[in-house]
Amino acid sequence: MIRSRVFAVCLLVLAVSSVDAACEGPLALQILGSGGPIADDDRASSAYALWSDGRTLALVDAGGGSHLRAAQAGVNLAEIQAIHLSHLHADHSAGLPALLKSAWFVRRGNQLVVSGPGPGGRFPGTREFVTTLLDPETGHYRYLSEYLTEGAPFRLRPVQLDHRSRQLQSVMEGDSLTVRAAGVDHGPVPALAYRVEARDRVVAFSGDQTGVTEGMLAVANQADLLVIHAAIPPGAGRVARNLHATPEQIGVLAQRAGVKSLVLSHWMRRSLNRREAVIRDVRKHYNGPLHVAEDLQCFPVGG
Ligand SMILES: [Zn+2]
């Protein structure tokens, strides 16, 4: 009886402090959301956490569901240095207000960078996106406007990148984390891919994009791990291909960039239903380690 109670308490402790052991190395990637924009895939929308020695360095994307997944992953919002948005589609950014509100309750003194693309087409720039949410007079969440003025536990620093440039641009540089970004093609949507360097290792994030482009090759060059979005199956139509890389393009990109490990994410029902065909087409061109992302899964990087 006592033994079973001890076992139950141990299980409870494990459930509360849920940081995955695979996240505890020098550098690790955790999938917070491996899904797309449609609520038919049993996955949170796009979101990722980077871990270093058990601390959360940064988030990449903040799609719907990322708030809950961050809690389940044990992400410490007092530790993260930045939230890097690949673009402003809802499945990559809708979780941002919930994460910011949650972060109000943690102790942190430093700024929080929120980076993303500039304006274009039907999309505001990242600076306008943040002020539209938080402006003291007109912001939808003006009750949180102290994030831009003073009085909040910490200040936000929006960083807006030139998504039209295919060259690597500096987002932030620090002792523990260097982040650069380049513009990528996502139809008419301003979009970025990110190259994150920490502990002498490189993790690249494609965001949503169309494949073998100059910006993507720069971001993914010799990366220890590339997270790339497998949103469409082989044979997808023109409209889908204007927004997303085909599986064959993913394989060509990974091989040409010399990527050391590949994680396929941003699954949608249309690609999940043909998962084997997606992998087969990637494999026509890329023969390195390949993984299918699941929410909350952790990948040690390099080493
Ligand atoms: Zn998306």
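**Reading two sheets, a disulfide and a zinc site**

Q: In strand pairing, which residue of S5 stands opposite His84?

A: His84 stands opposite Ser115 in S5, and the model in which this pair is read is a predicted one. The two residues are one point of a wider pairing, in which strand S4 (residues 82-84) and strand S5 (residues 112-117) run parallel and are joined by 3 bridges.

Q: In what order do the strands of the sheet with S4 and S5 follow one another, and which strands stand at the edges?

A: One lists the strands by their neighbours in the sheet, not by their numbers, and the order here is S6-S5-S4-S3-S2-S1-S14, an open sheet of 7 strands with mixed pairing. Strand S6 (156-161) and S14 each have a single partner strand, so they stand at the edges, with one side of each left without a neighbour in the sheet. From one strand to the next, the twist averages 20°.

Q: Which helices lie against this sheet, and at what angles do they run?

A: Helix H2 (residues 66-73) packs on the sheet through contacts with S1, strand S2 (47-52) and strand S3 (55-62), and its direction makes about 135° with that of S1. Helix H4 (residues 96-103) lies across S3, S4, S5 and S6, and runs at about 150° to S3.

Q: How many disulfides does a search of the whole structure find, and where in the chain do the cysteines lie?

A: The search finds 1 disulfide, formed by Cys23 and Cys298, whose sulfur atoms are 1.6 Å apart. The pair links distant parts of the chain, since Cys23 lies in the loop between helix H1 (2-16) and strand S1 (28-33), while Cys298 lies in strand S14 (residues 298-300), 275 residues apart.

Q: What is the handedness of this disulfide, and are its cysteines buried or exposed?

A: Handedness is read from the torsion about the S-S bond, which is about 70° for Cys23 and Cys298, so the disulfide is right-handed. Burial is judged against a limit of under 20% relative accessible area; Cys23, with a value of 0%, is therefore buried, and Cys298, with a value of 9%, is buried as well.

Q: How is the second sheet, the one that runs from S7 to S13, ordered?

A: This open sheet has 7 strands in the order S7-S8-S9-S10-S11-S12-S13, and its pairing is mixed. Strand S7 (169-173) and strand S13 (290-292) are the edge strands, each with a single partner, so one side of each lacks a neighbour in the sheet. Neighbouring strands are turned against each other by 20° on average, direction ignored.

Q: How do the strands from S8 to S10 pair, and why is S9 largely enclosed?

A: S8 and S9 run antiparallel and are joined by 6 bridges, with Leu192 in S9 as the bridge partner of Gly183. S9 pairs in turn with strand S10 (residues 201-205) in the antiparallel sense over 5 bridges, and the two form a hairpin with 2 residues between them, where Arg199 in the turn has a positive phi of about 50°. Strand S9 (residues 192-198) has 6 of its 7 residues buried, so the rest of the structure largely encloses this strand.

Q: Which elements pair with or lie across S12?

A: S12 and S13 pair in the parallel sense over 3 bridges, and Leu262 stands opposite Leu290 in S13. Helix H8 (residues 247-257) lies across strand S11 (225-229) and S12, at about 160° to S11, while helix H10 (residues 275-283) lies across S12 and S13, at about 160° to S13.

Q: Which residues coordinate the zinc ion, and what is the geometry of its site?

A: For four tetrahedral donors the ideal angle at a metal is 109.5 degrees. In this model the zinc ion is coordinated by Asp91 (OD), His92 (NE2), Asp208 (OD) and His266 (NE2), at 2.1 to 2.2 Å. The angles among these 4 donor atoms span 86 to 165°, and the site is irregular. A tetrahedral label would need all angles to lie between 85 and 135 degrees.

Q: What spacing do the donors follow along the chain, and are the two histidines buried or exposed?

A: The donors follow the spacing D-H-x115-D-x57-H. The histidine pair links distant parts of the chain, with His92 in helix H3 (residues 90-93) and His266 in the loop between strand S12 (262-265) and helix H9 (269-272), 174 residues apart. His92 counts as buried because its relative accessibility is 0%, and His266, with a relative accessible area of 1%, is buried too.

Notes:
Residues are numbered from 1 along each chain as its sequence is written. This is a predicted model: local features need pLDDT of at least 70, side-chain atom pairs count only at pLDDT 80 or more; totals for chains, interfaces and linings use all residues. Side-chain values use heavy atoms; hydrogens and water are left out. Donors are N, O and S atoms within 2.8 Å of the metal (3.2 Å for Na, K and Ca); water is not among the atoms, so sites may look incomplete. Four donors count as tetrahedral if all angles lie between 85 and 135 degrees; four count as square planar and six as octahedral if opposite donors are over 155 degrees apart and all others between 65 and 115; anything else is irregular. Helices (H or I, at least four residues) and strands (E, at least two) are DSSP runs, numbered from the N terminus. Buried means under 20% relative accessible area, exposed over 50%, partly exposed in between (1.4 Å probe, protein chains only). Two strands pair if DSSP finds at least two bridges between them. Axes are lines fitted to C-alpha atoms, for helices over the stretch in contact, and angles run from 0 to 180 degrees between N-to-C directions. Contact means heavy atoms within 4.5 Å. A disulfide is a pair of cysteine sulfur atoms within 2.5 Å.
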